[in-house]
Amino acid sequence: AQDEKSELNNLIQIALQENLQIISSQINTKMFEQEERINSSLPDPKFMIEGRRIPMDLSQFGQTQEVMFMIEQFFPFPGKLDAIGKKGVFMAEIQSQLENAIKLDITATVSRLYYDLAFIDQAILINQQHLDLLYAIEEITKSKYIVGKALQQDVNRIRIEGTKFKSQKVLLQENRANMAVELNRVLNRPVDTIIADVIMPNQVLTFDIKNLHSTLAKSNPFVKIAELKMQSSNNDIHLAKLGNKPDLMLMGGYMVMNSMEN
């Protein structure tokens, strides 16, 4: 069972490595994290140079009537930058939960296909055992028929049963081939990649329905996404209220005029 669990984990890791949905989600998460850092920072300061009656001939630049240097910095009302930055935080966390949901879905799909293959392989094995048993019984019955201790219809009945098992085997093999194609598709590899026979793990799964409901309520990504959206909405309301608060603009400068010494 431990070896089969390890093999299943390997298949899950293969499916998760190059999944385009996961890669896209990771890129979006980084984008929102970057937005949070940008939006929660103060705007860049502005530096300006202003001149009046500047001569076209730069050799006469000293005759400029007035030159002014000015710098300004914008300061939003306290709390605004934090609320704006939280928008990016919530979006990044929501995107991270979506990525988690994709991973869980892929894990569930690979696990389901893996155990379905194990079930079919076990069914094929049992089917072959029944066929082998029927072949042995048929040989015994034919020997009895030769010596007059069995009827022809006994031999025919065994052959009919054998035909049924052969038909079942063909259907099982077709189902296995289709399931192997689906598993290879999830694993992002050629659909004709051979998948070895899977042995059904010898383990028993036990769970309590109450604990299962509690675990799902706490760990389900979509429940967490709903909670994050509610928190984001509350943050938007808080930001809207801060919109009525005054911001601060600080400006300072230095002016030089030809008509004045300094």
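These are my notebook entries on a predicted model, covering its helices, its largest pocket and a few single residues.

**Entry 1: helix 2**

I began with helix 2, residues 20-39, and checked its length. Its 20 residues at 1.5 Å each should span 28 Å, and I found the end C-alpha atoms 28 Å apart, which agrees. I then looked up burial along the helix and listed I22, S25, T29 and F32 as buried. These four cover an arc of only 85° around the axis, so they sit on the same side of helix 2. On the other side I noted L20, I27, K30 and I38 as exposed.

At the N-terminal end I found a cap. N19 provides it, with a side-chain oxygen 3.0 Å from the backbone nitrogen of Q21.

**Entry 2: S25**

I picked S25 out of helix 2 for a separate look. Its relative accessible area is 3%, and buried means under 20%, so S25 counts as buried. What does the side chain of S25 have at 3.1 Å from one of its polar atoms? I found the backbone oxygen of Q95 there.

**Entry 3: helix 3 and what follows it**

I ran the length check on helix 3, which covers 80-146. For its 67 residues, 1.5 Å a residue gives an expected span of 99 Å; the end C-alpha atoms lie 99 Å apart, so the two values agree. Just after helix 3, I noted G148 with a positive phi of about 80°.

I also took one long distance. I71 and I146 are separated by 75 residues in sequence, and their C-alpha atoms by 114 Å in space. I71 belongs to strand 2, residues 66-75. I read 46% relative accessibility for I71, which makes this residue partly exposed.

**Entry 4: the largest pocket**

Next I looked up the largest pocket and recorded a volume of about 170 Å³. Which residues line the largest pocket? I listed N19, Q21, I102, D105, I106, T109, R185, V186 and N188. Helix 3 and helix 4 (152-186) are the elements that give two or more residues to this lining. Helix 3 gives the most, with four residues. Sorted by class, I have three nonpolar, four polar and two charged residues in the lining.

N19 came up again here: this lining residue is also the cap of helix 2. Q21, whose backbone nitrogen takes part in that cap, is in the lining as well.

**Entry 5: N188**

I went back to N188 from the pocket lining. I placed N188 in the loop between helix 4 and helix 5 (209-219). Its phi is near 60°, a positive value in a residue other than glycine. Is N188 buried or exposed? Neither label fits: at a relative accessible area of 45%, N188 is partly exposed.

**Entry 6: helix 6**

I closed with helix 6, residues 221-242. From first C-alpha to last, its 22 residues reach 31 Å, close to the 32 Å expected at 1.5 Å a residue. I marked P221, I225, L228, S232, N235 and L242 as buried in this helix. Viewed down the axis of helix 6, the buried residues fall within an arc of 85°, so they line one face. M230, N234, A240 and K241 are exposed on the other side of helix 6.

Key. Residues numbered from 1 in each chain as written. Predicted model: local features only at pLDDT ≥ 70, side-chain atom pairs only at ≥ 80, totals over all residues. Heavy atoms only, no water. 1 Å grid on protein atoms, 1.4 Å probe; cavity = no way out; pocket = protein on both sides within 12 Å on 5 of 7 lines; lining within 4 Å. Points joined across faces, edges and corners; volume = space filled by probe spheres on them. Nonpolar A, V, L, I, M, F, W, Y, C, P; charged D, E, K, R; others polar. Expected span 1.5 Å × (residues − 1). Buried < 20%, exposed > 50% of the residue type's maximum accessible area, 1.4 Å probe, protein only. Arc of directions from axis to C-beta. Polar contact = N/O pair within 3.5 Å; in protein donor to acceptor, adjacent residues only side chain to side chain.
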